[in-house]
Amino acid sequence: MKLQEYQSKRIFAQYGVPIPSGDVASTPAEARAIAERLGKRVVVKSQVLVGGRGKAGGIKLADTPAEAEALAQRILGMEIKGLPVRKVLVDEAASIRDELYLGLVIDRAQRRVVTMGSSEGGVDIEEVAATTPERIIKVSIDPFIGLRDYQARELALGMGLERELIRPLVRIAKSLYNCFISSDASLAEINPLVVTADGSGGYGDPPLLAVDGKMVLDDNGLFRHIDLAEMRDVDEETPEEREARQHGLSYVKLDGSIGCMVNGAGLAMATMDITKLFGGAPANFLDIGGGAKADRVAAALRIILSDSSVKAVLFNIFGGITRCDEVAKGILAALDQVPTDVPMVARLVGTNEEEGRRILASAEMTTASTLAEAAQKAVAAARTVSAA
Ligand code: GDP
Ligand code: MN
């Protein structure tokens, strides 16, 4: 789950990361009131779950509350990279001397959390990684020991920071690490972490201040963070993503034309691979999970069919705990609710497969006994539909 900037920064602050004073608004009048309360120059920032808002015109400085109101009016009407802006953050503006980058991610190859720092903050960090990778310093963290002072100092020195900034950076890096671990995050990023020019706010001398914040939480850890789970912004989910989450389905929309319904994440990936191998492109990743009952299968099929680029549906069900007859019933139930002429290919093997096939025989559905055969048939069906 991705958090908005204002949410990420509030969480950072709970762990001691210095952030600007400010608040979130959903109307221009609210933005004005916040600016009046702050009584200083402010920055009005669109809250959408994409980066590069600054370049897209979604971040503007305002000298007066009236100006903040006018800018909020304009920004609240914007769409940034296809996402409508529903909220703005009004923060006390920082006067910026330098922009740094500080982030934490999980390096799955190393099986560790890695902290990254760069003196090239503010800009797209992927671009720094591509053009001047030596400007990004990485330190990987032993999960049993955590981030030690000497490692944070190593990071600060590698970033080429001036002496006075080393201690504040160490403190902020450790705060961010504690925040990351305690929240079961998969990403925590401050870009830019600014060196302020006028000594307002922040920590240290010259002070460091987290002007932007980004956090991604591990959905699998949310059950033990009720407060964080409540931060989910349902407006930011597509209807399909919402329905999938409510039914306990793992669904990721992709660009292809073959809808895939599979039980098990590994099998779902194998199904996507083999679809590609035979010249097709999956329209989604979808894992209906173990032991799926008919209603969950029906929800999954509704979600798949709501995507207009789906030209064929491929079912690949391995019946273990999941029973093939339950899946077949779910498919029929969904077809009752969402009549469609999208061709479908089913491969059901394992527990109650014959029963499952018998049920499906009543719907005119192509069946296959191997995954390769199923994938080829689905790819061919999608081509025929596209050509027609
Ligand atoms: P992003 O574009 O979505 O990453 O949004 P950021 O919050 O990182 O803002 C983008 C850029 O706007 C920053 O790198 C700064 O250069 C500038 N900016 C953001 N907040 C302030 C501020 O308070 N004062 C000043 N002067 N510039 C800011
Ligand atoms: Mn940023």
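**Fold, helix packing and manganese site of the predicted model**

Of the 388 residues in the protein, 48% are buried, where buried means under 20% relative accessible area, exposed over 50% and partly exposed in between (1.4 Å probe, protein chains only). The structure is a predicted model, in which local features need pLDDT of at least 70, side-chain atom pairs count only at pLDDT 80 or more, and totals for chains, interfaces and linings use all residues. Residues are numbered from 1 along each chain as its sequence is written, chains are lettered from A and ligands numbered from 1 in the order in which they are written, and side-chain values use heavy atoms, with hydrogens and water left out.

The secondary structure comprises 13 helices and 20 strands; helices (H or I, at least four residues) and strands (E, at least two) are DSSP runs, numbered from the N terminus. The C-alpha trace spans about 75 × 50 × 40 Å along its principal axes. Contact is defined as heavy atoms within 4.5 Å. Of the contacts between residues at least 6 apart in sequence, 69% join residues at least 24 apart.

The manganese ion (ligand 2) is coordinated at 2.2 Å by Asn191 (O) and Asp212 (OD). Asn191 belongs to strand β11 (residues 185–196) and Asp212 to the loop between β13 (207–210) and β14 (214–217), so the pair ties together parts that are 21 residues apart in sequence. Donors are N, O and S atoms within 2.8 Å of the metal (3.2 Å for Na, K and Ca); water is not among the atoms, so sites may look incomplete. Both ligating residues are buried: Asn191 has a relative accessibility of 12%, and Asp212 has a relative accessible area of 18%.

Strand β11 also contains Ile190, which is buried at 0% relative accessibility. Residues up to four places away in sequence aside, Ile190 touches Phe12, Val17, Leu100, Tyr101, Leu102, Ile172, Leu176, Ala210 and the metal ligand Asp212. The C-alpha atoms of Ile190 and Leu104 are separated by 9.1 Å, with these positions 86 residues apart along the chain. Asn191 is joined to Pro192 by a cis peptide bond with omega of about 10 degrees, and Pro192 likewise lies in strand β11. A cis peptide bond also runs from Asp205 to Pro206, with omega near 0 degrees; Pro206 is placed in the loop between β12 (203–204) and β13.

Most residues other than glycine have a negative phi, and most peptide bonds are trans. Positive phi values occur at Asp184, near 55 degrees, and at Lys81, about 45 degrees. Asp184 lies in the loop between α6 (163–182) and β11 and is buried, at 17% relative accessibility. Lys81, in the loop between β5 (79–80) and β6 (83–84), is exposed, with a relative accessible area of 59%.

Two helix pairs were examined. The axes of α11 (residues 324–337) and α12 (residues 353–361) come within 7 Å and cross at roughly 15 degrees, which makes α11 roughly parallel to α12. Axes are lines fitted to C-alpha atoms, for helices over the stretch in contact, and angles run from 0 to 180 degrees between N-to-C directions; angles under 35 degrees count as roughly parallel, over 145 as roughly antiparallel, 65 to 115 as roughly perpendicular and the rest as oblique. The crossing is right-handed, meaning that the near helix is turned clockwise from the far one by less than a right angle, with anticlockwise giving left-handed. Cys324, Asp325, Ala328, Lys329, Ile331 and Leu332 of α11 meet Glu353, Glu355, Gly356, Ile359 and Leu360 of α12. These contact residues divide into six nonpolar, one polar and four charged, with Ala, Val, Leu, Ile, Met, Phe, Trp, Tyr, Cys and Pro counted as nonpolar, Asp, Glu, Lys and Arg as charged, and the others, Gly among them, as polar.

For α2 (residues 28–38) and α3 (residues 65–76), the axes come within 8 Å and cross at roughly 145 degrees, and this crossing is right-handed. The residues involved include Ala31, Arg32 and Ala35 of α2 and Ala68, Glu69 and Ala72 of α3. The contact residues comprise nine nonpolar, one polar and three charged.

Arg232 is located in the loop between α7 (226–229) and α8 (239–246) and is partly exposed, with a relative accessible area of 23%. Its C-alpha atom is 7.3 Å from that of Met1, although the two residues are 231 apart in sequence. Neighbours within four places in sequence aside, Arg232 is in contact with Met1, Asp219, Leu222, Glu237 and Arg245.
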